[in-house]
Amino acid sequence: MKNKKKINIKKIIIFGIIIFIIILFFYFNIKSNNFAKPITSAPEEFKNEIKNFSTFFINKNNNTFNNKKIITVKSGDSLQRILVKEGIDQKEINKINSLLKEKIKIINLQIGQKINLLIKKENNKILLSRLSFSLNEITNIYIFANSEENYNVKIIDKILEKKNFLAKGVIKNSLYNSAQQQGVDPEIIIEFARIFGFEIDFQRDIRENDEFQILYERFEDDDGEVQKNGEIIFAYLNNNGREISLYRYKDEKNNIGYYSQDGKSIEKALMKTPINGARLSSSFGLRKHPILGYNKLHQGTDFAAPKGTPIMASGSGTIEMASWNGAYGKYVRIRHNSTYKTAYAHLSRFGKNIRRGAKVQQGQIIGYVGSTGRSTGPHLHYEVLVQNKRVNSQRLKLPSGKNLVGKEKQIFENTKEQIEELRTKLLKEKIN
Ligand SMILES: [Zn+2]
């Protein structure tokens, strides 16, 4: 009995406190709001707060939402497919497509490219409010819904600034890896190897600790991001103590080429490395292919490279043979002139339009590395034939290309000086 009474008193006290708090709360509220203003004229912020709250609530209810999305383009994706996947009505997609067609011929989305989307859901319908992506390195496309239930399409070019970039380094396991570590774009490394491919056998000549320098143009957007590569202006290689400096020069006929310090073109009738030399790696100073060095077939040069590596015509000429050739497997032979021919064996497949009688340009892709015929692993077997006799392509002394003389030599000297100045400046900046 005593206990029950105690509990009742407790209840009364708690109840009293609650009432007191409520009264106090109302008192202060009335005081601060003054109750002079009716609730309809509540401050603007308060209204917004209600609005935000309700949007939040509705968002939760899934009636309306704004959804920002970045989509990465996958193999086989098209704009159409991406929008369908996002649940956009086909009628809306058609509207967008016809607007885009008015301004752009073809939209080629690249795998890995990013597409920005802003999607809105209204009355259970998924609508596109904004879509943007890059058409190429310099052009952006923006599409946004307007108030007339249609879309606006805007094409905006990025402003790109040309900058000179100098990379220098030491070749540790391959030119490709070492140059990439110095921030050189793969496209430029391949071009560098192509230029030196006239002079250097990238499988056998490159040594560990060989030094390189590449000076080239880059185009940066206003965020300082590189959008495009320009051309190589200067290329340097210290190959086993032999220094080769090459300068870009545009001759009287507007042909761009690379010339040594004394004005001799590096380009020769035939290349020493008729393959993507940048990708060849690992075995420094390899004299013979580890597996194929003593092959009976052998009187040629082997380049060990992954299957599918593009093979270039080492010189311009006419295809004399592009077919299966016994132990050589898939085989291409090019006749360059009355003296020289080159042959390429063990291909996995032929290049586009490579058949007997076709004309090819130096550097054109004639096929891809494989292991067809009598071969124990993917590699290019390359032969140079002089008067139809196989010769050692690596020892072959080819007449050098164009030799600048007279007035052209003078212009070249000026160009060379300007490039040297630029290089010195960039080297200084690198050290500081
Ligand atoms: Zn071989």
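Which residue in β7 is the bridge partner of Lys-168? In this predicted model, that partner is Gln-213, and the pair offers a convenient way into the sheet described here. Lys-168 and Gln-213 belong to a longer pairing, in which strand β6, covering residues 161–170, is joined by 10 bridges to strand β7, covering residues 211–220, with the two strands running antiparallel.

From β7 the path continues to strand β8, residues 226–239, which pairs with β7 over 9 bridges, again in the antiparallel sense; among these contacts, Glu-211 has Asn-238 in β8 as its bridge partner. The two strands β7 and β8 form a hairpin with 5 residues between them, and in the turn Gly-224 has a positive phi of about 80°.

Taken as a whole, the sheet is open and consists of 5 strands in the order β6-β7-β8-β9-β10, with antiparallel pairing. Because β6 and β10 (256–259) stand at the edges and each has a single partner strand, one side of each is left without a neighbour in the sheet. On average, neighbouring strands of this sheet are turned by 25° against each other, when direction is ignored. At the β10 edge, strand β9, residues 242–250, is joined to β10 by 4 bridges in an antiparallel arrangement, and here Arg-248 finds its bridge partner in Tyr-258 of β10.

Two helices also belong to this picture. Helix α6, residues 186–196, packs on the sheet and touches β7, β8, β9 and β10, its direction making about 40° with that of β8. Helix α7, residues 406–431, packs on the sheet as well, touching β6, β7, β8, β9 and β10, and its direction makes about 75° with that of β6.

Methods
Residues numbered from 1 in each chain as written. Predicted model: local features only at pLDDT ≥ 70, side-chain atom pairs only at ≥ 80, totals over all residues. Pairing = 2+ DSSP bridges. Axes fitted to C-alpha atoms, helices over the stretch in contact; angles between N-to-C directions. Contact = placed C-beta atoms within 7 Å.
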